[in-house]
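Biologist: Could we go through this structure together, one part at a time? I should like each answer to show its reasoning.

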Amino acid sequence: MTDVTMTEVTLAELCIFACSEAFRANGEIIATGVGPVPRLAASLAKLTHSPELMMTDGEAYLVEQPVPIGPRGYDERKASGYLPFSRFFDSAVWTGRRHAMVTPTQLDRFGQINLSYLGGTYDKPKTQMLGVRGFPGNTIYHANSFFFPMHTARTFVSGEVDMVSGVGYNPAKRVPGGNYSDVDLRMIVTNLCVMDFGGTDNAIRVVSLHPGVTFEEVQEATGFRLEKGELTETPLPGAQALEIIASLDPHNIRASVIKDNPPARRG
Amino acid sequence: MLDKRMTMEDVVGQLSDGMTIGIGGWGPRRKPMALIRAILRSDLKDLTVVAYGGADVGMLCAAGKVKKLVFAFVSLDTIPLEPWFRKAREAGAIEVLELDEGMFQWGLKAAAFGLPFLPTRVGLGTDLAELGGLKTVQSPYADGETLVAMPALKLDAALIHVNRSDWRGNVHLFGADSYYDEWFAKAAAKTYVSCEELVDRIEDHYPDDAQLNLFERCFVSGVVHMPCGAHPSSMPPAYGWDMKAFKAYADAAREPGDWAAVADRFVGTTEQAYLESIGGKEAVAALPLPIF
């Protein structure tokens, strides 16, 4: 790869490349990426290092050739199988054969997530959001990773999330006798860094920093104390990965994910 | 054999205040919106609504029809936050039971099988069980595992929009996904379907399509012929959702966001008037299927 290409790589592309690593060597499971970056990441993983991954067209059909995001012809997909919502819990979620990458509204030091409501109470929330969707089931049954386009203490909250919509590693939340053996939080990718849950008692740990980012900057933007991993530099995607990303996102939707679409290397 | 054909008004006439009503479909997809509009034109009130929610839930909340909502999400997909539902929630106007999507269908299955509950791991480790008053049970076997007892979601009535039916209630559901419509039908004391196409004897018209009969006619109490009956939600393969209509509906929720002042645009005085206001059957048929 030439230096010219390096300077053209965007931070969103670096994040897609970093997120795709979450899906490496997962085996024959459904890779679900919700939102442009996670979805492109899952598709990139399938088209490069992990062809055994399974995924849908976003509607109901399994595809071996990942479908591009954004406008396209309705029939521009080749179905290799069928996985509608009507059997999603039977086939993917409750059998543990899935890894989802999503963007909740809040995440706390235990990896507990929230996308239900902010502030107020269950009966009268201050800000109503989506509802818990499938997060309680996803988090107790299969692997989950997260992507956040803006790393702030409003997302990575101090204390606990307002409404615990996904299972984390909080011992106080674990009803005795329950089976939590499938709780498997894997990776967090943000516009600043890559983190995992490999710290003390599954504490969140920074494992790589995007080019030009310091650990202190990440800590400053986080509402709880972070542990330090090896702190390598997050690698940039190479020419082949960039080409695949471009082919999966012909309308350049990825350019709208991170504010001002900055380059991967800070200027 | 019983002729189950009826009008939308007949369906509403069989519902009563305080009932628990399940609504098929998923978010902005396959919603029995014509039947919802019929409820919105009626005096029905104090309903407990059980739905994977979209504009059906938003409209019923906005119109003050809902006493309690059982939900896992309410969303219009590309308009992620359903604005009228949001207003009702933030005003503290409705009681709720918030569930995980999978627990929700598990509750419908418990109801379908006449069980008080079905056990699940889902909900443990989250706020759902405590906030929703869900209890746990312990496995009586050697593992002794503690599980959430997902209570049956028994429905007094279910409303479902299907692709085809005959007058006996033999239905065909097709399109990419039928979501949990069959379980709504089986969880309900009475299920009323609206259909895009009504035929006399389905075996004479579509003898090769019997596998599309996703629930049997013993689960169908009434059949309403209502082409375009899912609009503005999608009904593949016949038509996609009407994002322009959803945007207008969402915009109308902005301040002052008074439902009474805008309801006529989204409900109409009659279904015929509503259909004409959106450009008729041709306009609906021309709505492209959504790309995901």
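Modeller: The expected span of a helix is 1.5 Å times one less than its number of residues. Please keep in mind that this is a predicted model.

Biologist: With that rule, what span is expected for helix H5(B), and what span does it reach?

Modeller: H5(B) has 12 residues, and at 1.5 Å a residue the expected span is 16 Å. From its first C-alpha to its last, the helix is close to that value, reaching 17 Å.

Biologist: Is H5(B) largely enclosed or largely open, and why?

Modeller: A residue counts as buried if 20 or more other C-beta atoms lie within 10 Å of its own. The buried residues of H5(B) include Met103(B), Phe104(B), Trp106(B) and Leu108(B). Because 11 of its 12 residues are buried, H5(B) is, with respect to the rest of the structure, largely enclosed.

Biologist: Which residue with a positive phi follows H5(B)?

Modeller: The phi of this residue is near 70°. The residue that follows the helix is Gly114(B).

Biologist: How many residues of chain B are in contact with chain A, and of what kinds are they?

Modeller: On the chain A side, 42 residues take part, and on the chain B side 40. Among the elements that give two or more residues to this side of chain B are helix H4 (83-90), helix H5 (101-112) and strand S6 (122-125). By kind, the residues on the chain B side divide into 18 nonpolar, 12 polar and 10 charged.

Biologist: Turning to chain A, does its radius of gyration agree or disagree with that of a compact globule, and what is the value?

Modeller: The C-alpha trace of chain A spans about 50 × 45 × 35 Å along its principal axes. Because chain A has 267 residues, a compact globule would have a radius of gyration near 18 Å. The value for chain A agrees, at 18 Å.

Biologist: What is the order of the strands in the open sheet of chain A?

Modeller: Chain A holds seven helices and 14 strands. Seven strands form this open sheet, and their pairing is mixed. The edge strands, each pairing on one side only, are S1 (30-33) and S14 (227-233) of chain A. The order in chain A is S1-S5-S10-S11-S12-S13-S14.

Biologist: Which residue of S12(A) is the bridge partner of Met187(A)?

Modeller: S11(A) and S12(A) form a hairpin with two residues between them. The two strands run antiparallel and are joined by three bridges. Within S12(A), the partner of Met187(A) is Asp196(A).

Biologist: Are the faces of S12(A) covered or open, and which residues show it?

Modeller: In a regular strand the side chains alternate between the two faces of the sheet. In S12(A), Cys193(A) and Met195(A) are buried on one side. Both faces are covered, as the other side has the buried residues Val194(A) and Asp196(A).

Biologist: Which strands of the sheet does helix H2(A) touch?

Modeller: H2(A) covers residues 11-20, and 10 of its 10 residues are buried. These buried residues also pack against helices H3 (36-47) and H7 (239-248) of chain A. The direction of H2(A) makes about 165° with that of S11(A). On the sheet, H2(A) touches S5, S10, S11 and S12 of chain A.

Technical notes: Residues numbered from 1 in each chain as written. Chains lettered and ligands numbered in written order. Predicted model: local features only at pLDDT ≥ 70, side-chain atom pairs only at ≥ 80, totals over all residues. Helix = DSSP H or I, 4+ residues; strand = E, 2+ residues; numbered from the N terminus. Contact = placed C-beta atoms within 7 Å. Nonpolar A, V, L, I, M, F, W, Y, C, P; charged D, E, K, R; others polar. Pairing = 2+ DSSP bridges. Axes fitted to C-alpha atoms, helices over the stretch in contact; angles between N-to-C directions. Rg over C-alpha atoms; globule rule 2.2 N^0.38 Å.
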